[in-house]
Each structure stands twice: as structure tokens, then as C-alpha cells.
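Please examine the structure shown below. The paragraphs that follow lead through its charged pairs, its sheet, its long-range packing and its nonpolar interior.

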Amino acid sequence: MNTTNNIATNKDYLETWEFSPIEWNAFIKTARSLKKEDNIYYSIAILIGGIPILMMARNTTFLMASAFVLPFAILIPWLSNKFSTSYLKPTSSISKVAFYSEYLTINHKKIILFTDKKWIKGMKIIRTESTLPLLEIEIAWRTRKGDTFDELRVPIPLGKIERAEALIEYYKFYK
């Protein structure tokens, strides 16, 4: 019975990329910076949208609306960042990113790409000046108020750009 499970796992396996501690830790610095920038924009959007809506819907003053919206503009992006960057930990050993049909693992942390309510919205390669190029995966999911998404970024090892492009094509037509 164990053999069957291993065969199924191997059938779903696509690729593994390995990174030295120096490469991985440089990637973490870049990825955290990009995520921080995303969350700043998210906070600004909550403030710009939340304050006027609250003022009009509840007939409150600017100060009262700001006092209510500001904690959400700080807390929601902070929590989002905390959960979505849990795989970004510095290391002193080789780091591995393994791609499978419906998920990937980053240093043994499983990140689901496809379920009934979750899918890949888009993938692209981001060139950076300071580190390895990045594979950005936009993972979307359904919520009660519509679809939402988040970005997951992983470094692309030197000489693996063509393989990253092949993964983009594979996932584009998967499911």
C-alpha cells in the first residue's frame, strides 16, 4: 500500500530547485521587501476606501471614521504578511523548492496551488538586479464577496529560466 502512495506522489512530481544559504537569504531579503511594498499599497487602499465609505454609510465624522479604519489598515496587511511569508525563513543549509502538480513545497512547507476553490491566476518571471530572477505565482481563491488573490514568489536558479518558462506553460493548461 505504501508503494502505491509513493508512485502517486512521484507521478505528480515536476521539478526541484536547490539554493545555497547565500542565495536563499538574499532572496528572502528581496521577497520580504516586495511583500512589504504590496502591503503598504493594501493599507493605503483600505484607508482611501474605508474612511469615505464609513463616513457616508454611517454618517460619522472624519476623525471617527479614521479611528475605526486605521487599526484595520494596519492589522489586516500585517496579518496577511505574517501568514503569506511563513516560508521565508533564513537558513544556513541548502534550501529546496519542489514543484508538484497541485502544490509546491518550500523547505518542506506545503503550499497548495489547486483545490476546488483555489487556482493559479497567473505566473510570470520577474527579473531583479540584486538577486536571482523570481517566479511569481498569483494564487486566487473564492471568498463570500468574490475572488481574491495573493502572490507567492520563489527564486529561479541560474540556468533554469527555460525550466521556469516550461512550468508556467504547464500550470497554464493544468486543470
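In this predicted model, Arg163 has a relative accessible area of 31% and is therefore partly exposed, since the class of buried residues ends at 20%. Its side chain meets that of Glu15 in a salt bridge, with N and O 2.4 Å apart. Because Glu15 belongs to strand β1 and Arg163 to helix α4, this pair ties together parts that are 148 residues apart in sequence. Glu15 itself is buried, at a relative accessible area of 9%.

The structure holds nine salt bridges. Another of them joins the side chains of Asp38 and Arg153, at 3.1 Å from N to O. Here too the pair links distant parts of the chain, as Asp38 lies in helix α2 and Arg153 in strand β7, 115 residues apart. Asp38 is partly exposed at 24% relative accessibility, whereas Arg153, at 7%, counts as buried. A further salt bridge connects Glu136 with Lys124, whose closest N and O atoms are 3.7 Å apart. Glu136 is in strand β6 and Lys124 in strand β5, twelve residues apart. Of these two, Glu136 is buried with a relative accessible area of 6%, and Lys124 is partly exposed at 46%. Asp38, Lys124, Glu136 and Arg153 are linked in a network of salt bridges.

The strands named in this network lead to the sheet. Three strands form an open sheet in the order β5-β6-β7, with antiparallel pairing. Since β5 and β7 stand at the edges with a single partner strand each, one side of each is left without a neighbour in the sheet. From one strand to the next, the twist averages 20°. The antiparallel pairing of β5 and β6 extends over eight bridges, and Gly122 stands opposite Glu138 in β6. Helix α2 packs on the sheet by touching β6 and β7, and its direction makes about 155° with that of β7. Helix α4 also packs on the sheet, where it touches β5 and β6; its direction makes about 155° with that of β5.

Helix α2 deserves a separate look. It comprises 38 residues, 21-58, which at 1.5 Å a residue should span 56 Å; the end C-alpha atoms of α2 are 52 Å apart, in agreement with that expectation. Its buried residues include Trp24, Phe27, Ile28, Lys35, Asn39 and Leu54. The buried residues of α2 pack against β1, α3, β2, β3, β6 and β7. After the helix comes Asn59, which has a positive phi near 55°.

What occupies the nonpolar interior? In soluble globular proteins, nonpolar side chains tend to be buried together. The largest nonpolar core here has 31 residues, and those with the most contacts inside it are Trp17, Phe99, Leu104, Ile106, Leu135 and Ile137. At least two residues of this core come from each of β1, α2, β2, β3, β5, β6, β7 and α4. Helix α4 provides the largest share, five residues. Leaving aside residues up to four places away in sequence, Leu104 touches Val97, Ala98, Phe99, Lys109, Lys110, Ile111, Leu113, Ile137 and Leu152. Apart from the largest core lies another, of six residues, among them Leu54, Ala65, Val69 and Ala73.

Technical notes:
Residues are numbered from 1 along each chain as its sequence is written. This is a predicted model: local features need pLDDT of at least 70, side-chain atom pairs count only at pLDDT 80 or more; totals for chains, interfaces and linings use all residues. Side-chain values use heavy atoms; hydrogens and water are left out. Helices (H or I, at least four residues) and strands (E, at least two) are DSSP runs, numbered from the N terminus. The expected span of a helix is 1.5 Å times one less than its number of residues. Buried means under 20% relative accessible area, exposed over 50%, partly exposed in between (1.4 Å probe, protein chains only). Contact means heavy atoms within 4.5 Å. A nonpolar core is a set of buried Ala, Val, Leu, Ile, Met, Phe, Trp, Tyr and Cys residues joined through side-chain atoms within 4.5 Å. Two strands pair if DSSP finds at least two bridges between them. Axes are lines fitted to C-alpha atoms, for helices over the stretch in contact, and angles run from 0 to 180 degrees between N-to-C directions. A salt bridge is a side-chain nitrogen of Lys or Arg within 4 Å of a carboxyl oxygen of Asp or Glu.
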